[in-house]
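Here is a set of short exercises to work through with the coordinates open beside you. Try each task on your own before reading the solution under it.

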Amino acid sequence: MNFSLTQGAEHSPVILHVPHSAREIPDDVRAGIVLDDTALRRELDHITDAHTARIAGAAADACAVRPWVFANRLSRLVVDPERFPDEREEMLAAGMGAVYTRTTHRDVLRKEDGDHEPLLARYFRPYAQAMSDAVAGRLAATGRAVIVDVHSYPSSPLPYELHGDGPRPAVCLGTDSFHTPPGLLAAACEAFAECGDVGLDSPFSGTYVPLEFHGTDPRVSALMVEIRRDTYMTEPGGAAGAGLPRLAAALARLVDALPG
């Protein structure tokens, strides 16, 4: 499977979602990427939310009530599970819909006129269904679900960014007008206050909710946590540093602040 679900406490409504931390690309998918190996490694350095799975895992270990952790095992260059799979996706303008055709520097990644349906069928839809099932499981067990989306972003804008000219705080919280209640946002602002400046929806906005529940089920709340990479690692694609435990502790504080 191209994803993993690590079990949390049965009475926890929280799912830590880590969609972009992995670098693995299956050989048959690699064959459809036009970059040579050196250029692909460089692209992975830029596009991967490095070490975010470690942050989420350490946070889960530290929580008083263990959350569930849903993680992508493959690179987002295979498919990006958080994109809309159709024309609703604004990142299509940058060649970065559910299947990327362009790199972070707007170079060709794979043929734009290629058949992307096999990738969607093999990777995107099973991931989406599994995440929907995970949310449904939390709803059945607790009556609600809280998705905390764990991401990172570079300290300097990359050419693919559609909104890269705004503030780049240490922690950017992405919100949704339907799925991000004020209490969740306030708890996040307080939890991450010790990690530097905290901003909203810049340079990235919104948050992930499976389409089955998106915009229709108020029992599902969600928040995106975007961590600026220079606060915890060497850019691009380098080792984690002293900031990682501090951020994991902040994420654990957020989870612990949410009613169980």
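The exercises below move from the sheet to a helix, then to aromatic rings and backbone geometry; please keep in mind that this is a predicted model.

**Exercise 1. The sheet**

Task: Work out the order of the strands in the sheet and find its edge strands.

Solution:
- Start with the order: 7 strands form an open sheet, arranged as E1-E3-E2-E4-E7-E5-E6, and the pairing is mixed.
- Next, look for strands that pair on one side only: these are the edge strands, E1 (3-6) and E6 (198-200).
- For the twist, ignore direction and average over neighbouring strands of the sheet: they are turned by 20° against each other.

**Exercise 2. Strand E4 and its neighbours**

Task: Determine how E4 pairs with E2 and with E7, then decide which residues lie on each face of E4.

Solution:
- On one pairing, E2 and E4 run in the parallel sense over 4 bridges, with Ile147 of E4 as the bridge partner of Ile15.
- The pairing of E4 with E7 is also parallel, over 9 bridges. Here Ala145 has Val220 as its bridge partner, and Val146 has Ser221.
- To sort the faces, recall that side chains in a regular strand alternate between the two faces of the sheet.
- Applied to E4, one side carries Ala145, Ile147, Asp149, His151 and Tyr153, while the other carries Val146, Val148, Val150 and Ser152.
- Both faces are covered, and the count agrees: 9 of the 9 residues of E4 are buried.
- One more element to place is helix H5 (residues 182-191), which lies across E4, E5 (171-174), E6 and E7 and runs at about 25° to E7.

**Exercise 3. A polar side chain in E4**

Task: Classify Ser152 as buried or exposed, and find the side chain with which its own side chain makes a polar contact.

Solution:
- Ser152 lies in strand E4.
- Its relative accessibility is 4%, so Ser152 counts as buried.
- The polar contact joins the side chain of Ser152 to that of Tyr232, at 3.1 Å.
- Leaving out residues up to four places away in sequence, Ser152 touches Asp49, Ala50, Thr52, Glu226, Ile227, Arg229 and Tyr232.

**Exercise 4. The two sides of helix H3**

Task: Which residues of H3 are buried, and why do they line one face of the helix?

Solution:
- In H3 (residues 52-62), the buried residues are Thr52, Ile55, Ala56, Ala59 and Ala60.
- Viewed down the axis of H3, these buried residues fall within an arc of 130°, and therefore they line one face.
- The general rule helps here: an α-helix has 3.6 residues a turn, so residues three or four places apart point the same way.
- Turn to the face of H3 directed away from the buried side, and you find the exposed residues Asp61 and Ala62.
- Finally, ask what covers the buried residues of H3: the cover includes strands E2 (14-18), E3 (68-72), E4 (145-153) and E7 (220-228), along with helix H6 (243-257).

**Exercise 5. Aromatic pairs**

Task: The structure holds 4 aromatic pairs; describe the geometry of Phe3 with Tyr127 and of Tyr153 with Phe204.

Solution:
- Phe3 and Tyr127 are 6.0 Å apart, centre to centre, with 85° between the planes, making the pair edge-to-face.
- This pair links distant parts of the chain, 124 residues apart: Phe3 is in strand E1 and Tyr127 in helix H4 (residues 117-142).
- Phe3 is buried at a relative accessible area of 11%, and Tyr127 is buried at 1%.
- Tyr153 and Phe204 are likewise edge-to-face, 6.0 Å centre to centre and 70° between the planes.
- Here the link spans 51 residues, from Tyr153 in strand E4 to Phe204 in the loop between E6 and E7.
- To finish, check for a cluster: Phe3, Phe70 and Tyr127 form one.

**Exercise 6. Backbone exceptions**

Task: Locate the cis peptide bonds before Pro203 and Pro236, and place the residues His51 and Asp201, whose phi values are positive.

Solution:
- As background, most residues other than glycine have a negative phi, and most peptide bonds are trans.
- The Ser202-Pro203 bond is cis, with omega about 10°, and Pro203 sits in the loop between E6 and E7.
- The Glu235-Pro236 bond is cis too, with omega about -15°; Pro236 is in the loop between E7 and H6.
- His51, in the loop between H2 (37-47) and H3, has phi near 70° and is buried at 19% relative accessibility.
- Asp201, in the loop between E6 and E7, has phi near 55° and is partly exposed at 30%.

Conventions. Residues are numbered from 1 along each chain as its sequence is written. This is a predicted model: local features need pLDDT of at least 70, side-chain atom pairs count only at pLDDT 80 or more; totals for chains, interfaces and linings use all residues. Side-chain values use heavy atoms; hydrogens and water are left out. Buried means under 20% relative accessible area, exposed over 50%, partly exposed in between (1.4 Å probe, protein chains only). Helices (H or I, at least four residues) and strands (E, at least two) are DSSP runs, numbered from the N terminus. The arc is that of the directions from the helix axis to the C-beta atoms. Contact means heavy atoms within 4.5 Å. A polar contact is a pair of N or O atoms within 3.5 Å; within protein, one must be able to donate a hydrogen and the other to accept it, and residues adjacent in sequence count only if both atoms are side-chain atoms. Two strands pair if DSSP finds at least two bridges between them. Axes are lines fitted to C-alpha atoms, for helices over the stretch in contact, and angles run from 0 to 180 degrees between N-to-C directions. Rings of Phe, Tyr and Trp (its six-membered ring) pair if their centres lie within 6.5 Å; planes under 30 degrees apart count as stacked, over 60 as edge-to-face and the rest as tilted.
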